[in-house]
Amino acid sequence: MKLHVIDWIIILALLLICFMPALFFGKRAGKNTSEFFASGRSVPWWLAGLSMVATTFSSDTPNWVTQQVRQYGVAGNWQWWAFVLTGVSTVFFFARLWRRSGVMTDLEFYELRYSGKAASVVRGFRAVYLGLFFNCFIMGMVTLAACKIANILFGMPPWQTILICGALNVVFAAHSGLWGVLVIDMVQFFIKMTAVIAAAYFSLKAVAHQTGVGESASAGLQKLVSTLGSQQVNFKDGQPVLSAIDGHGQPILDILPNFSMWELALMIFIVPIAIGWWANWYPGAEPGGGSYIAQRMLASKSEKDSLGGTLFFNLAHYVLRPWPWIIT
């Protein structure tokens, strides 16, 4: 892909907009550990909520959702929609309690909830396991997506992407603390939402143009719905395939899985809704919220703000944000 001067101007402008908060909040973050790790416990609900949504919106997320929709139809999203159960429980049962605990990180809570040497061992084990292994695995996934995107846009090899992005993020986070992270999350949320809505819009215009039904996005959406309304997902040799509707498969546009297709129902609905929602560790998904979701609840300026931010996150995460990805 060849980038023009205007493209580079936009890229540099967005980088400046994103990283300027680091300079502004660096001095404040350096005051004490509470300011660095918990923003002085003065974050309003809307900033905490926007940051939660942006933090769970990585470079790989839209690509993964579009892949599931292509393979399994809209119902394929139940692999992660099932976690709305834990999200709602976090809002109404745990958000206020996180803020009330007064701890600075979610791992610190173990030594508040339990006591003695055993509590320290659990905290240390979780710190090493989640920080050194699990989160490195997550960073590996999102970095792989970033490497693929950078290779297409800029022709950069993976090592350059890792070096540049890694250095930017480490310097930024170390200098600005949680305040800078929250503000850059907010800025990036609006940038990313603009991008995915634009992708859906121009995709629909392309559908309308290529199928000869007009030039508008609404005409493309009507064509998309009418075309996919006659197709379904079937399984052949254990793999999902698209075919014309014959009454045996899962219509692509159906939101709930077809329980007569046991493979599909088991994989994308029954296991997530019965086991995954409470058994998985993933911030914002496991009961109570953890890691970076808990960090934003702990940084909220009141219990009410903690609840409000988490409620906004769940509404945006499950109800509003996925649809541009699904359409695309």
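Below are four short exercises on this predicted model, each with a worked solution.

Residues are numbered from 1 along each chain as its sequence is written. Local features need pLDDT of at least 70, side-chain atom pairs count only at pLDDT 80 or more, totals for chains, interfaces and linings use all residues, and side-chain values use heavy atoms, with hydrogens and water left out.

**Exercise 1.** Place glycine 26 in its helix, then decide: is glycine 26 buried or exposed?

*Solution.*
- Step 1: Find the element. Glycine 26 sits in helix α1, residues 5–29. Helices are DSSP runs (H or I, at least four residues), numbered from the N terminus.
- Step 2: Apply the accessibility classes. Buried means under 20% relative accessible area, exposed over 50%, and partly exposed in between (1.4 Å probe, protein chains only). Glycine 26 has 10% relative accessibility, so it is buried.
- Step 3: List the contacts (heavy atoms within 4.5 Å). Leaving out residues up to four places away in sequence, glycine 26 touches His175 and Ser176.
- Step 4: Check a C-alpha distance. Glycine 26 and phenylalanine 172 are 146 residues apart along the chain, and their C-alpha atoms are separated by 9.0 Å.

**Exercise 2.** How many salt bridges does the model contain? Analyse the pair of glutamate 303 and arginine 100.

*Solution.*
- Step 1: Set the rule. A salt bridge needs a side-chain nitrogen of Lys or Arg within 4 Å of a carboxyl oxygen of Asp or Glu. Side chains of opposite charge can pair when their charged atoms come close.
- Step 2: Count. The rule gives three salt bridges.
- Step 3: Take the pair. Glutamate 303 and arginine 100 meet at 3.0 Å, N to O. This pair links distant parts of the chain, 203 residues apart: glutamate 303 is in helix α13 (residues 303–320) and arginine 100 in helix α6 (residues 84–101).
- Step 4: Classify both ends. Glutamate 303 is partly exposed at 25%. Arginine 100 is exposed at 52%.

**Exercise 3.** Which helices does the salt bridge between arginine 123 and glutamate 111 tie together?

*Solution.*
- Step 1: Read the distance. The closest N and O atoms are 2.5 Å apart.
- Step 2: Locate the partners. Arginine 123 is in helix α8 (residues 116–154) and glutamate 111 in helix α7 (residues 109–113), so the bridge ties parts twelve residues apart in sequence.
- Step 3: Classify. Arginine 123 is partly exposed at 28%. Glutamate 111 is partly exposed at 34%.

**Exercise 4.** Where do aspartate 185 and arginine 296 lie?

*Solution.*
- Step 1: Confirm the bridge. Their side chains meet at 3.2 Å, N to O.
- Step 2: Locate them. Aspartate 185 is in helix α9 (residues 158–211) and arginine 296 in helix α12 (residues 291–299), 111 residues apart.
- Step 3: Classify. Aspartate 185 is buried at 8%. Arginine 296 is buried at 5%.

Definitions and conventions
Helix = DSSP H or I, 4+ residues; strand = E, 2+ residues; numbered from the N terminus.
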